[in-house]
Amino acid sequence: MCLGIPGEVVELVADQPDLARVSVGGVRRAVNIALLEGEGVAPGDWILIHVGFALSRIDEAEARAAMEFLEGIGQAYEDEIEALRESGTG
């Protein structure tokens, strides 16, 4: 099962403009934000992430609702968070 997971942008990577450090379920990792070029992604923004790429900006209420849904589906969500942990913290 492939999931889009919401994450909060913590910082932009200064020397790599296509990357941002994002917090997802307490795990921080680098995420490619190139698909959101021109949208002015900034720390504090929420984004929807799939396989290391930011697909869209979302508001905090939408992020919260998505997290509640993902937590409700149980194991698939836990597997995604574990995959994030194992992929490194960026």
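**View 1. Arg21 at a salt bridge with Glu11.**
Arg21 comes out as partly exposed, at 28% relative accessibility (buried is under 20% relative accessible area, exposed over 50%, partly exposed in between, with a 1.4 Å probe and protein chains only). This is a predicted model, so local features need pLDDT of at least 70 and side-chain atom pairs pLDDT 80 or more, while totals for chains, interfaces and linings use all residues. Residues are numbered from 1 along each chain as its sequence is written, and side-chain values use heavy atoms, leaving out hydrogens and water. The side chain of Arg21 meets that of Glu11 in a salt bridge, with N to O at 3.6 Å (the rule: a side-chain nitrogen of Lys or Arg within 4 Å of a carboxyl oxygen of Asp or Glu). Glu11 sits in strand E1 and Arg21 in strand E2 (residues 19-24), so this pair ties together parts 10 residues apart in sequence. Strands (E, at least two residues) and helices (H or I, at least four) are DSSP runs, numbered from the N terminus. Glu11 is also partly exposed, with a relative accessible area of 37%. By the same rule, the count of salt bridges comes to three.

**View 2. Arg57 and Asp45, joined by a salt bridge.**
Here the closest N and O atoms of Arg57 and Asp45 are 3.7 Å apart, which makes the two a salt bridge. Arg57 belongs to strand E5, while Asp45 is in the loop between strand E3 (27-32) and E4, so the pair ties together parts that are 12 residues apart in sequence. The burial is split between the two ends: Asp45 is buried, with a relative accessible area of 15%, whereas Arg57 counts as partly exposed at 37% relative accessibility.

**View 3. A salt bridge inside helix H1, Arg64 with Glu60.**
Zoom in on helix H1 (60-72), and you find Arg64 and Glu60 in a salt bridge whose closest N and O atoms are 3.7 Å apart. The two are four residues apart in helix H1, so about one helical turn separates them. Arg64 is partly exposed, its relative accessible area being 46%. Glu60 counts as partly exposed too, at 46% relative accessibility.

**View 4. The E4-E5 hairpin and its strand neighbours.**
Strand E4 (residues 46-50) and strand E5 (residues 53-58) run antiparallel and are joined by five bridges (two strands pair if DSSP finds at least two bridges between them). Two of the facing residues are worth picking out: Leu48 stands opposite Ser56 in E5, and His50 stands opposite Phe53 in E5. E4 also runs antiparallel to strand E1 (residues 5-12), with four bridges joining them. In that pairing, Glu8 has Trp46 of E4 as its bridge partner. Elsewhere in E1 is Val10, partly exposed with a relative accessible area of 27%. Val10 and Ala30 are 20 residues apart in sequence, and their C-alpha atoms are 9.9 Å apart in space.

**View 5. Val51, where the hairpin turns up a positive phi.**
Which residue sits in the loop between E4 and E5? Val51 does, in a hairpin with two residues between the strands. Most residues other than glycine have a negative phi. Val51 has a positive phi of about 45°, even though it isn't a glycine. At 64% relative accessibility, Val51 counts as exposed.

**View 6. A nonpolar surface patch that takes in Val51.**
Leu35, Val51, Phe53 and Leu55 make a nonpolar patch of about 400 Å² on the surface. Leu55 has its place in strand E5 and counts as partly exposed, at 44% relative accessibility. Patch residues have over 30% relative accessible area and no salt bridge; nonpolar side chains (Val, Leu, Ile, Met, Phe, Trp, Tyr) are joined within 5 Å, like charges within 9 Å. Areas come from the Shrake-Rupley method with a 1.4 Å probe, and for residues only the protein chains shown count as cover.

**View 7. A negative surface patch from helices H1 and H2.**
Glu68, Glu71, Glu78 and Asp79 form this negative patch on the surface. Helix H1 (60-72) and helix H2 (75-86) each chip in at least two of the patch residues. Glu78 lies in helix H2 and is partly exposed, with a relative accessible area of 44%. Asp and Glu count as negative, Lys and Arg as positive; His and the chain ends aren't counted. Each charge is placed at NZ of Lys, CZ of Arg, CG of Asp or CD of Glu.
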